[in-house]
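Have a look at the model below before reading on. The notes after it walk through a few sites, the sheets and the cavities.

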Amino acid sequence: MNASMASVNALLEGWQAQHVARPCVMVVFGASGDLCSRKLMPALQRLALRRELPGGFAVVGVARTQFNDEDFRRFARDAVSKYGAEGPAGSDEVWRSVTESFYYVAGDYRDDDTFRRLSAVLGDIDRRNGTGGNRLHYLAVPPAAFPIIVGALGRHRLNRPARAGTDVFVRIVIEKPYGRDLRTANELDACVHQVFEESQVYRIDHYLGKETVQNLLALRFANAIFEPIWNGHYVNAIQITVAESEGVAGRAGFYEQTGALRDIVQNHVMQVVALTLMEPPITMNADGIRDEKVKVFRSIESLSVDEVQSHVVAAQYAGGWVAGHRVPGYLDEPGVSPTSTTETYVALRLRADNWRWAGVPLYIRTGKRMPRRMSEVVVQFHAAPHLPFWPDQTRGLGPNTLVLRIQPDEGITLLFGGKVPGHGFDVRTVAMDFRYGSAFPGGGPEAYERLLLDAMLGDPTLFIRADEVMETWRIVEPILRCWEEGRKPVARYLAGTWGPEAADQLIELDGRRWWTR
């Protein structure tokens, strides 16, 4: 083997080493809950089928439900039967084999005995599976339990490797919401940092695990036809829509305390905003990307009290029809107070005060019980400076528009002007479509699948850094404050529609319309 070939092989071995997780134990707090059943277990199953779980991998579930080890293994198998992927022949046997290394600790998170027993189980797994003290703690619990569990992990020394100076890792994955506002987010962060270093903390937002969200970076920074025009000289406005056709689906207790602004805008939407507006990173690693995201958030101006009144619309769905089915209004949902002012829909207008985006409005809307499930970014460009056609020749011509579809029909549509066939010279808008599933048959990993593996690998690129969290809370804080002070007019919209009339007026006052297709 010549020297150059040896060098290539060494590079390949180094790359493979970085992309194969070391043996570890995943500790799931809230292991008998809905998130574990619907998302975590199916994600682990797909990783197992792809042969991407590390050797010796084990799971320890912790919850108050009185399971034993075999109950938890049965729970994991049932979850995959209901929510998992259809695999090739032998898939059931693969998953059954993986679940043989699943264990369970029943107990209250406030009880130190729960963590003493957890510590003993982890020690047994290290000896049996060769996991060497590597831990991935996952908090799949309500936010009120975050500080309780974090504190207990610190007291029982489950937050640090048993032997200092080794490459053993201990990490913690924390679900949203990370606080309820800027103050509580700071309080939670102080609690977390008393026990864990920032490098150990993985704040998860499953939106960042979606391939089409990550594709925003590829579209922008790998294509010379887009990056030069990705600024206010060419872009007239940007719209982001996250629509859900479902209602609160039995989660009224959670939703009454949260609402659309906290549940969707402060996290999912803001992450999409950052990837849409950010500057090219110096390097495509975790710090490079997250540094640029923070710069975007810092450029977004906080709204004044008057601007909250004129730039933000809150609404609730009333009874109506969705996909041919009659559905109740929010106030008629079980567990919802008849006097509730919790918003199931919010629309707002923001602006980024920086060189690239000065003067370009950013319109955001999200809501439940809308006509269909849909998430997309719409980049609308300025009109051509002069049209050398008669007005009646361009009646069917709209502005050039780039539509980035995140879900469910993942892809990109470019709208531009084309001549209508015939003897005349009529110009109308036509579409050029890229469909993700057609270009990449089979697709890539699901969001939780990608993020769980990244957490095991120690790659924080698609997780949220502390300063990102605080900046996004700073952006929505003035809205929350105004609403809490009683200045929250709540409009109504029929289920199965795209929102209240006030949201249409919000954008029409600027001479624009919400994008629909």
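## Sites, sheets and cavities

Aspartate 263 is buried, because its relative accessible area is 6% and the cut-off for buried is under 20%. Keep in mind that this is a predicted model, so every value here is computed from predicted coordinates. Aspartate 263 sits in helix α10, which covers residues 259-277. Setting aside neighbours within four places in sequence, aspartate 263 is in contact with Lys176, Phe254, Tyr255, Thr258 and His268.

Aspartate 263 also turns up in a database record. An unreviewed UniProt entry places the feature "binding site" at His206, Lys210, Glu244, Asp263 and Lys368.

Take histidine 206 from that list. You'll find histidine 206 in the loop between β6 (201-203) and α8 (211-221). Is histidine 206 buried or partly exposed? With 24% relative accessibility, histidine 206 counts as partly exposed. Once residues up to four places away in sequence are left out, histidine 206 touches His268, Ala447, Tyr448 and Leu451. His268 is also among the contacts of aspartate 263.

Two further residues are worth a click. Glutamate 227 belongs to the loop between α8 and β7, and glutamate 227 is buried at 18% relative accessible area. Not counting residues up to four places away, glutamate 227 touches Arg220, Phe221, Pro280 and Arg356.

Arginine 326 lies in strand β10, residues 325-327, and counts as exposed, with 54% relative accessibility. Apart from neighbours within four places in sequence, arginine 326 is in contact with Gly319, Gly320 and Trp321. Arginine 326 and alanine 495 are 169 residues apart in sequence, and their C-alpha atoms are 8.9 Å apart in space.

Now for the sheets. One open sheet has 6 strands in the order β3-β2-β1-β4-β5-β6, and the pairing is parallel. β3 (102-106) and β6 stand at the edges with a single partner strand each, so one side of each has no neighbour in the sheet. From one strand to the next, the twist averages 20°.

Within this sheet, strand β5 (residues 170-174) is largely enclosed by the rest of the structure, because 5 of its 5 residues are buried. Which way do the residues of β5 point? Val170, Ile172 and Ile174 point one way and Arg171 and Val173 the other way, and all are buried. On the β4 side, histidine 137 stands opposite isoleucine 172. In β6, arginine 203 is the bridge partner of isoleucine 174. Elsewhere in the sheet, valine 25 has alanine 58 in β2 as its bridge partner.

The other open sheet described here has 9 strands, in the order β16-β15-β14-β13-β7-β12-β11-β8-β17, with mixed pairing. Its edge strands are β16 (427-435) and β17 (490-494), and each pairs on one side only. The twist here averages 20° from one strand to the next. In the β7-β13 pair, valine 235 stands opposite phenylalanine 381 of β13.

Here are some of the strand pairs side by side:

| Strand pair | Sense | Bridges |
|---|---|---|
| β1 (residues 25-29) and β2 (residues 58-63) | parallel | 5 bridges |
| β4 (residues 135-139) and β5 | parallel | 5 bridges |
| β5 and β6 | parallel | 3 bridges |
| β7 (residues 235-243) and β13 (residues 374-381) | antiparallel | 8 bridges |

Last stop, the enclosed spaces. How many cavities of 30 Å³ or more does the structure hold? There are 4 of them, and the largest cavity has a volume of about 120 Å³. That largest cavity is lined by 15 residues, of which Tyr178, Gln266, Asn267, Ile464 and Val469 lie nearest its centre. α10 and α15 (466-484) are the elements that give two or more residues to this lining. The largest share, 4 residues, comes from α15. Helix α10 is a familiar name by now: aspartate 263 lies in it.

Definitions and conventions. Residues numbered from 1 in each chain as written. Predicted model: local features only at pLDDT ≥ 70, side-chain atom pairs only at ≥ 80, totals over all residues. Heavy atoms only, no water. Pairing = 2+ DSSP bridges. Axes fitted to C-alpha atoms, helices over the stretch in contact; angles between N-to-C directions. UniProt positions renumbered as here; feature names shortened; annotations may be inferred. Buried < 20%, exposed > 50% of the residue type's maximum accessible area, 1.4 Å probe, protein only. Contact = heavy atoms within 4.5 Å. 1 Å grid on protein atoms, 1.4 Å probe; cavity = no way out; pocket = protein on both sides within 12 Å on 5 of 7 lines; lining within 4 Å. Points joined across faces, edges and corners; volume = space filled by probe spheres on them.
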